[in-house]
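Hello,

Here is the structure I promised to pass on to you. Please open it beside this email and follow along as you read.

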Amino acid sequence: MAKSTMNIRMNPSNSYLSAQQVAERFSVSTDTIYRWRRDGRFPAPVRLSPGTTRWRLSDIIEFEESLEACFAVRAIMYFDMAAAA
């Protein structure tokens with residue numbers, strides 16, 4: 001079984017993740033990561049050189065934080081609406 005690379009301590013400001021590492025982080029396939037990007041629902045990767053595309057760890061963390069905020073807002077709205085009913 002392949003060893004996960006997500007346990008490595010990284011500095012978000014200067015660390016990059018491959019498509020495989022990003023997919024592991026979200027427990028999805030690399031095809032899903034590229035589909036999310038194509039649909040405009042995921043941060044853009046950075047081309048480091050011809051044939052080398054990576055995602056900034058800081059962009060991924062910012063994206064994750066926005067998901068948590070959206071979930072919390074939706075949950076509050078849901079519970080407020082349920083209480084009003």
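**The aromatic cluster**

Let's begin with a group of rings: Phe 26, Tyr 34, Trp 36, Phe 42, Trp 55 and Phe 63 form one aromatic cluster. Please keep in mind that this is a predicted model. The structure has 7 aromatic pairs, and two of them are worth finding on your screen.

In one pair, Phe 26 meets Phe 42 edge-to-face, with 5.6 Å from centre to centre and 80° between the planes. What does this pair tie together? Phe 26 is in helix α1 and Phe 42 is in the loop between α2 and β2, so the pair links parts that are 16 residues apart in sequence.

Phe 42 also forms an edge-to-face pair with Trp 55, at 6.3 Å centre to centre and 65° between the planes. Trp 55 belongs to strand β3 while Phe 42 sits in the loop between α2 and β2, so this pair ties together parts 13 residues apart in sequence.

Are these three residues buried or exposed? Phe 26 is buried, with a relative accessible area of 18%. This value falls under the 20% cut-off, and that is why Phe 26 counts as buried. Phe 42 is buried too, at 3%, and Trp 55 is buried at 0%.

**The nonpolar core**

Next, look at the residues packed around those rings. The largest nonpolar core has 12 residues, and Phe 26, Trp 36, Phe 42, Trp 55 and Phe 63 are among them. The core also includes Leu 17, Val 22, Ile 33 and Ile 60. Three elements each give two or more residues to this core: α1 (19-26), α2 (30-38) and α3 (57-84). Helix α1 gives the most, with 4 residues. As background, nonpolar side chains in soluble globular proteins tend to be buried together.

Which residues does Phe 26 touch, once its neighbours within four places in sequence are left aside? Phe 26 is in contact with Ile 33, Trp 36, Phe 42, Ile 60, Phe 63 and Glu 64.

**The overall fold**

Now zoom out a little. The protein has 3 helices and 3 strands, and along the sequence they follow the pattern β-α-α-β-β-α. The strands make an open sheet in the order β1-β3-β2, with antiparallel pairing. Strands β1 (16-17) and β2 (46-49) are at the edges, and each pairs on one side only.

Strand β2 runs antiparallel to β3 (residues 52-56), and 3 bridges join the two. To find one of the bridges, start at Arg 47, whose partner in β3 is Thr 53.

Some totals help to complete the picture. Of the 85 residues in the protein, 24% are buried. The accessible surface comes to about 6,400 Å², and 55% of this belongs to carbon and sulfur atoms. Among the contacts with a separation of 6 or more, 39% are between residues 24 or more positions apart.

**How far to trust it**

Before you go further, please check the confidence. The mean pLDDT of the protein is 79, and 64% of the residues reach 70 or more. Where is confidence highest, and where is it lowest? Confidence is highest in β1, at 96, and lowest in α3, at a mean of 67. In general, predicted coordinates should not be read in detail where pLDDT is low.

Happy exploring, and do write back with any questions!

Best wishes

Note on methods
Residues are numbered from 1 along each chain as its sequence is written. Side-chain values use heavy atoms; hydrogens and water are left out. A nonpolar core is a set of buried Ala, Val, Leu, Ile, Met, Phe, Trp, Tyr and Cys residues joined through side-chain atoms within 4.5 Å. Buried means under 20% relative accessible area, exposed over 50%, partly exposed in between (1.4 Å probe, protein chains only). Contact means heavy atoms within 4.5 Å. Accessible areas come from the Shrake-Rupley method with a 1.4 Å probe; for residues, only the protein chains shown count as cover. Two strands pair if DSSP finds at least two bridges between them. pLDDT is the predictor's confidence in each residue, from 0 to 100. Rings of Phe, Tyr and Trp (its six-membered ring) pair if their centres lie within 6.5 Å; planes under 30 degrees apart count as stacked, over 60 as edge-to-face and the rest as tilted.
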